[in-house]
Amino acid sequence: MAKEKHFEIDGIVLMALPNAMFKVELKNKCIVTCYIKGKMRMNFIKILPGDKVRLQMSSYDLSKARIVYRY
């Protein structure tokens, strides 16, 4: 099977949740639940509420995303 296509979008972190998960607000005012990419977790990149982040989302489930970059 071919890999599914992802698209990237920017957002702002609203709240930190347990297990390195976050609530992020997108530009269109939608709120999604996100987790940190593995390389960011290995390199101890800290993400705090108010940070601007880039998310990678699947077209199949628009309520979950992966944080791939912190500005």
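**Exercise 1. The barrel**

Task: Determine in what order the strands of the closed barrel run, and how β4 is joined to β1 and to β5.

Solution. In this predicted model, the closed barrel has 5 strands, which run in the order β1-β2-β3-β5-β4 with mixed pairing. Averaged over neighbouring strands of this sheet, and with direction ignored, the turn of one against another is 50 degrees. The next step is to follow β4, residues 52-58, which runs antiparallel to β1, residues 6-17, and is joined to it by 7 bridges. One position that fixes the register is Ile12, whose bridge partner in β4 is Lys52. With β5, residues 64-70, β4 pairs in the antiparallel sense over 4 bridges, and here Leu55 has Ile67 as its bridge partner in β5.

**Exercise 2. The hairpin**

Task: Describe how β1 and β2 pair, and find which residue of their hairpin takes a positive phi.

Solution. Strand β2 comprises residues 21-26 and runs antiparallel to β1, with 6 bridges between the two. Leu17 stands opposite Met21 in β2, and the hairpin has 3 residues between the strands. The residue sought is Asn19, whose phi is positive and near 60 degrees.

**Exercise 3. The aromatic pair**

Task: Classify the aromatic pair that a search of the whole structure finds, and state how accessible its two residues are.

Solution. A pair of aromatic rings is described by the distance of the centres and the angle of the planes. The search of the whole structure finds 1 aromatic pair. The partners are Tyr69 and Tyr71, with ring centres 5.1 Å apart and planes at 80 degrees, so the pair is edge-to-face, given that planes over 60 degrees apart count as such. For accessibility, the partly exposed class lies between 20% and 50% relative accessible area; Tyr69, at 42%, therefore counts as partly exposed, and Tyr71, at 43%, is likewise partly exposed.

**Exercise 4. Surroundings of Tyr71 and Asp10**

Task: Work out what lies over the face of Tyr71, which side chain makes a polar contact with Tyr71, and whether Asp10 is buried or exposed.

Solution. Over the face of Tyr71 lies Lys52, at 5.3 Å from the ring centre. The side chain of Tyr71 is also joined to that of Asp10 by a polar contact of 3.2 Å. Asp10 belongs to strand β1, and its relative accessibility is 18%, so Asp10 counts as buried, the cut-off being under 20%. Once neighbours within four places in sequence are left aside, the residues in contact with Asp10 are Leu26, Lys27, Lys52, Val53, Arg54 and Tyr71.

Methods
Residues numbered from 1 in each chain as written. Predicted model: local features only at pLDDT ≥ 70, side-chain atom pairs only at ≥ 80, totals over all residues. Heavy atoms only, no water. Pairing = 2+ DSSP bridges. Phe/Tyr/Trp six-rings, centres within 6.5 Å; stacked < 30°, edge-to-face > 60°. Buried < 20%, exposed > 50% of the residue type's maximum accessible area, 1.4 Å probe, protein only. Lys NZ or Arg CZ within 6 Å of the ring centre and 35° of its normal. Axes fitted to C-alpha atoms, helices over the stretch in contact; angles between N-to-C directions. Polar contact = N/O pair within 3.5 Å; in protein donor to acceptor, adjacent residues only side chain to side chain. Contact = heavy atoms within 4.5 Å.
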